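Work through the following exercises with the coordinates at hand. Each task is followed by its solution.

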Number of protein chains: 2
Amino acid sequence: MRLRPFFSGGGLDRADHLRTDPAAIGRLCADSGALELVWENGAPAIDAMGRLCWQPVSGSPPLLLGLNDHHPRLCALPEDNGPIDARTHIQLLTLLAAEDSPTFAAALSLAQWHGRHRFCSNCGQSTEPNRCGWSRACTGCGAEHYPRVDPVVIMIAEHDGRLLLGRQPSYPPGRFSALAGFVEPGESLEAAVARELQEEAGIAVGEVRYLTSQPWPFPSSLMVGAWASAQSDSLTIDTNELDDARWFSRAEVVQALSGDPDAPFLPPPAAAIARTLLEAWVDGLM
Amino acid sequence: MRLRPFFSGGGLDRADHLRTDPAAIGRLCADSGALELVWENGAPAIDAMGRLCWQPVSGSPPLLLGLNDHHPRLCALPEDNGPIDARTHIQLLTLLAAEDSPTFAAALSLAQWHGRHRFCSNCGQSTEPNRCGWSRACTGCGAEHYPRVDPVVIMIAEHDGRLLLGRQPSYPPGRFSALAGFVEPGESLEAAVARELQEEAGIAVGEVRYLTSQPWPFPSSLMVGAWASAQSDSLTIDTNELDDARWFSRAEVVQALSGDPDAPFLPPPAAAIARTLLEAWVDGLM
């Protein structure tokens, strides 16, 4: 069975071949079916049904998100492109329609990347959008810079039928979730899973199995969900990273996922891939 | 069975906890068992046995690669940090010992990243190494920048018992390999596999299965290997990306992997994850 985390569908036709056509943006803006994304408080605007809001094209938005039924979907760079505050973040994830979530993720990640990359990391001169917004070119040394996609491993470790979950200091009271960390240069996904479990919980890992993946546009993560076999259940918790980490039985995870207020922990929210990992484990899909 | 592509082992103890200790580098450099990586022509130097070359620490190298048996392994930033030429690249991959390959990959990716990120992408001011070389901090706006790890999907598509492989213009004569492309913002790994096969070969995809992963430090890719079920064998090749793409039978792939000079194609080299994917397919490990 294929797991389908939020944000992980196909989205628009990205129409890669148009990006290298220098005249494309002008032509696309003139298309009578072209639409432009509406921004609100630094994020794509959403209507009461959770759908993205679009408007007729005004001016010449620099980003081509893709084609919908052969008509262009364009996007300006929002003036406010700082990080989204936690309240907006939670509201967005509760409301957003799953079918629009991949386009939301692409627009938000791209816009925030443009905002943080107005200068060339190679020479310090200014950069300009290029390839219909899918890269930036330096006006000084000519270097081309591509949007970041930062892989993160997020994993459930199992030992003797129980699952290891942890609490970050930023979590709401009672929540436990999968442990996670950024993949570093020179690491495979499997090596990153083993290192993070060792660092954060003192757990040595045997087998590692990939489960599923999800873009997470706050601002540019690619979450890679995995299951790992722990070689013991003795924990050494890195208190710089985690408030707590504990082993939970299948019955406890089932109870938490059911929304029972007496459950021993509050599970991750529906939009998080960690929730998908817990559901997959309960369903025996490892 | 766990697949083990080149570059994908565990490597050094990365000793993450030392990176946030501002005095750590000074203390580590004074450790009598400390060693410093030797650079040669912009890459980590390798001896006749394919092992990395180390020397006593001179000065205060800014990068802590990790610990080996509790002793620090440090690394200076090479003066020549441009891209490695193709000949050096091939020689390195033929000679390099698998056990040293993760450390080689981390050092090369990190050093090249430092070389291309001497300025802040947010404000254009200069940046300085931070966290024992695992980030750079801006001297102007204070932004902290982390090394890039760029996820790439690389996949073998199967239809009716045959495998789709393609030829990039840069390949040596006769070589065919797995199709590949960078994961974009707002994409899951599965969506990126489907998009790349559609773009490069005109193939619609059903199921996608993760196989294994590999860091590829030329300069900073994380290769994510997958198998995909193709919904037809009718190809529309993107000639901007590929010279050719063809379907090969299991017997043909077996013949190519055996090194038979009469095989219908030259397979990817041993260090490439594409080779691991072909071997896994022949062995029925999908």
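The exercises below treat the relation between the chains and one pocket.

Conventions. This is a predicted model, in which local features need pLDDT of at least 70, side-chain atom pairs count only at pLDDT 80 or more, and totals for chains, interfaces and linings use all residues. Residues are numbered from 1 along each chain as its sequence is written, chains are lettered from A and ligands numbered from 1 in the order in which they are written, and side-chain values use heavy atoms, without hydrogens and water.

**Exercise 1.** Determine which rotation superposes chain B on chain A.

Solution.
1. Superpose by least squares on the C-alpha atoms of residues with pLDDT of at least 70 in both copies.
2. The result is a rotation of 180° with 0.0 Å of shift along its axis, at RMSD 0.0 Å.
3. The two copies are therefore related as by a two-fold rotation axis.
4. Within chain B, the C-alpha atom of G124(B) comes closest to the rotation axis, at 2.1 Å.
5. Because 100% of the interface residues of chain B are also interface residues in chain A, the copies meet through the same surface (contact means heavy atoms within 4.5 Å).

**Exercise 2.** Establish which classes of residue line the second largest pocket.

Solution.
1. Its lining comprises 30 residues, and closest to the centre are R209(A), Y210(A), L211(A), R209(B) and Y210(B).
2. β13(A) gives the largest share of this lining, seven residues.
3. By class, the lining has 19 nonpolar, three polar and eight charged residues.

Notes:
1 Å grid on protein atoms, 1.4 Å probe; cavity = no way out; pocket = protein on both sides within 12 Å on 5 of 7 lines; lining within 4 Å. Helix = DSSP H or I, 4+ residues; strand = E, 2+ residues; numbered from the N terminus. Nonpolar A, V, L, I, M, F, W, Y, C, P; charged D, E, K, R; others polar.
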